[in-house]
Amino acid sequence: MRTPFIVGNWKMNLTLSEVEDFLSTVKGRLPDPHDVECAIAASSIYMDALTKFCKEEKNLKTAAQNCFYKDSGAYTGEVSPMALADMGVKYVMLGHSERRKYFDESNKMINKKVKAVIKNNMTPIICCDETMAKRKTVDEMNWVVNPVIEALKGISPEDAKHVVIGYEPSWAIGTGRTASAAEIQEACFLIRETLIDLYGQDIANEIRIVYGGSVNSRNVAEIMKQEDVDGVLPGKSSLKAEEFIKIVNYQN
Ligand code: PEP
């Protein structure tokens, strides 16, 4: 069975004291990791604070929002996957629509990063974007699954079964417009079918697919009911500790 996975994406928000306030508020109020696995994707400058907290609070995992595909070298300003792993980071988000839009990240580059993250024994959360225009004009299978196929090129079945896929329609990110439960299930089903084509049913059944796009404490339970949805990726609503606590405790 796939354990539900909820990862808050803080993006480029919060100061250190706000991070500390958040962590002290969520302490002891997160679900058992066997029921719902929780993570926070923070900016790299907060990895230290977050990984230290997560060593004590086993119900929260640390995620990075990005990394480079080389472990070290003359790459000024970049974040090393090897250094993230060394700090105890468990997940790395890759290919978020904001990375694709503002930093020109291509599927090819994301594929290199996926390989680097796996090599360093972390788990990639591979985000695939969908724009409204694409949903209307491009063949149904292409609008969401191509980024998944490209990101997983050269990834073995054994490694693939641990990855997380994030379905994130960019028209729903930060807009307050959530995709309907049916739209989310339709896309996640297509992704699952693609994973079956790539790796077979058994491996595809193990891969978690999460939805991101204006998730909050009011819509999370409905989204989580969808058969091919294994988690959510809230952005804005993960910034407030009380709201994040409500989201991760959606089963209660
Ligand atoms: C995101 O950052 O991936 C996201 C889905 O943001 P929001 O929840 O604010 O739409």
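Strand S6 (residues 164-169) runs parallel to strand S7, and four bridges join the two. Strands here are DSSP runs (E) of at least two residues, helices are DSSP runs (H or I) of at least four residues, and both are numbered from the N terminus. Two strands count as paired if DSSP finds at least two bridges between them. This is a predicted model, in which local features need pLDDT of at least 70, side-chain atom pairs count only at pLDDT 80 or more, and totals for chains, interfaces and linings use all residues. Residues are numbered from 1 along each chain as its sequence is written.

**Strands.** Within the S6–S7 pair, Gly-166 stands opposite Val-210. S7 also pairs in the parallel sense with strand S8 (residues 231-232), over two bridges, and there Tyr-211 of S7 stands opposite Val-232. In S7 (residues 208-211), Arg-208 and Val-210 point one way, Ile-209 and Tyr-211 point the other way, and all are buried. A residue is buried if 20 or more other C-beta atoms, placed from the backbone, lie within 10 Å of its own, exposed if 12 or fewer do, and partly exposed in between. In a regular strand, side chains alternate between the two faces of the sheet.

**Helices.** Helix H9 has 19 residues and spans 26 Å from its first C-alpha to its last, close to the expected 27 Å; the expected span is 1.5 Å times one less than the number of residues. The table sets out the buried and exposed residues of H9 and H1.

| Helix | Buried | Exposed, on the other side |
|---|---|---|
| H9 (residues 181-199) | Ile-184, Ala-187, Cys-188, Ile-191, Arg-192, Thr-194, Leu-195, Tyr-199 | Ala-182, Asp-197 |
| H1 (residues 16-26) | Val-19, Phe-22, Leu-23, Val-26 | Ser-17, Ser-24 |

The buried residues of H9 lie on the same side of the helix because they cover an arc of only 160° around the axis. Those of H1 cover an arc of only 95°, which likewise puts them on the same side of that helix. The arc is that of the directions from the helix axis to the C-beta atoms. After H9 comes Gly-200, with a positive phi near 90°.

**Ligand shell.** Around the ligand are 13 residues, of which Asn-9, Ile-173, Gly-212, Gly-235 and Lys-236 come nearest. A residue is near if its C-beta atom, placed from the backbone, lies within 6 Å. The shell comprises four nonpolar, six polar and three charged residues. Nonpolar covers Ala, Val, Leu, Ile, Met, Phe, Trp, Tyr, Cys and Pro, charged covers Asp, Glu, Lys and Arg, and the others, Gly among them, are polar.

**Confidence.** The protein chain averages a pLDDT of 93, and 95% of the residues score at least 70; pLDDT is the predictor's confidence in each residue, from 0 to 100. For the complex, the predictor gives an ipTM of 0.95 and a pTM of 0.95.
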